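Q: Please take a close look at a single part of this model and describe its surroundings in connected prose. Which residues does the chosen residue touch, and how does that part fit into the chain as a whole?

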Amino acid sequence: MKPTTRGTLAVVVAGVAVAVGAAATPAVATGGVPVPVPLDGVEKSLGIEMPKLGMELPLLIPGVPEGPRYVEGRLIPEGALPQVPMNGRLPGVGLGVPLPRALGAGFDHVGVDLPASDLRTLTPGLALDAPLSAPDPQHYGVPHLKMPEVGVLAPVLQTVVGGNLGAGPGTGK
């Protein structure tokens, strides 16, 4: 094989490897990063049971916005400043608190679990139209004046949040 063919083949293989790696990254990154809150040192130094707290921080992944769409009769395409989709998760929290003998025998811990939930958003967008109409063939291609149009596309937020509250014996969350 010639050196130029080898170089071309190496570039193609490297490009495919980068494309496969980029395609796999969003699937891995759509979760969250668990963040435990370390209270073990306080528990051991004071000799009392401390609350257990853990969180999950989300990673937002920007999506691909829709491209502009040309509409007959308008000079500026629809969606000139498009809404950008952002996908991720709301943060999750887990908390377990010891309550010795506060709720009676057998119920000495209270736990709250708010799992991370999926989040889908669209950023605000802008709809514009120029103060000129499209060229009019009836008037030798000269456009007409009209009022400019400006509109703000509202942001979108979609999610479903759930949680669990429990009390019982034993160690907290």
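A: Thr121 touches Val84, Pro85, Met86, Val156 and Leu157, when residues up to four places away in sequence are not counted. This model is predicted. Thr121 has its place in strand β7, and Leu157 stands 36 residues from Thr121 along the chain. In space, however, the C-alpha atoms of Thr121 and Leu157 are separated by 4.5 Å. Thr121 has a relative accessibility of 16%. Because residues under 20% relative accessible area are called buried, Thr121 counts as buried.

The loop that leads into this strand also deserves attention. Ser117 is found in the loop between β6, which covers residues 109–114, and β7, which covers residues 118–122. Ser117 has a relative accessible area of 7% and is therefore buried. Leaving aside neighbours within four places in sequence, Ser117 is in contact with Gly88, Arg89 and Leu90, and also with Thr159, Val160 and Val161. With one of these residues, Thr159, Ser117 forms a polar contact of 3.5 Å between the side chains.

On the other side of this loop is strand β6, and His109 lies in that strand. The relative accessibility of His109 is 8%, so His109 counts as buried. The side chains of His109 and Asp108 are joined by a polar contact of 3.1 Å. His109 can also be related to Gly96, which is 13 residues away in sequence. From C-alpha to C-alpha, His109 and Gly96 are 6.9 Å apart.

A contrast is offered by Tyr140, which lies in the loop between β8 and β9, the latter covering residues 149–153. Tyr140 has a relative accessibility of 81% and therefore counts as exposed. Its backbone is also notable: Tyr140 has a positive phi of about 60°, although Tyr140 is not a glycine.

Strand β8 leads to a further feature, the largest pocket. Strand β8, residues 125–129, gives the most to the lining of this pocket, with three residues. The volume of the largest pocket is about 270 Å³. Its lining consists of 16 residues, and Glu66, Arg69, Pro82, Gln83 and Leu153 are those that lie nearest the centre. Sorted by class, the lining has nine nonpolar, three polar and four charged residues.

These parts may now be placed within the whole chain. The protein chain has two helices and 11 strands. Read from the N terminus, the elements follow the order α-β-α-β-β-β-β-β-β-β-β-β-β. Among contacts in the protein chain with a separation of 6 or more, 66% are between residues 24 or more positions apart. The pairing of Thr121 with Leu157, at 36 residues apart, may be read alongside that figure.

Burial can be viewed at the level of the chain as well. Of the 173 residues of the protein chain, 13% count as buried. Thr121, Ser117 and His109 belong to that buried group, whereas Tyr140 is exposed. The protein chain exposes about 12100 Å², and 70% of this area is supplied by carbon and sulfur atoms.

Definitions and conventions
Residues are numbered from 1 along each chain as its sequence is written. This is a predicted model: local features need pLDDT of at least 70, side-chain atom pairs count only at pLDDT 80 or more; totals for chains, interfaces and linings use all residues. Side-chain values use heavy atoms; hydrogens and water are left out. Helices (H or I, at least four residues) and strands (E, at least two) are DSSP runs, numbered from the N terminus. Buried means under 20% relative accessible area, exposed over 50%, partly exposed in between (1.4 Å probe, protein chains only). Contact means heavy atoms within 4.5 Å. Accessible areas come from the Shrake-Rupley method with a 1.4 Å probe; for residues, only the protein chains shown count as cover. A polar contact is a pair of N or O atoms within 3.5 Å; within protein, one must be able to donate a hydrogen and the other to accept it, and residues adjacent in sequence count only if both atoms are side-chain atoms. On a 1 Å grid over the protein atoms alone, a cavity is a set of points where a 1.4 Å probe fits but cannot get out, and a pocket is an open set with protein on both sides within 12 Å along at least five of seven lines; lining residues have an atom within 4 Å of a point. Grid points are joined across faces, edges and corners, and a volume is the space filled by probe spheres set on the points. Ala, Val, Leu, Ile, Met, Phe, Trp, Tyr, Cys and Pro count as nonpolar, Asp, Glu, Lys and Arg as charged, and the others, Gly among them, as polar.
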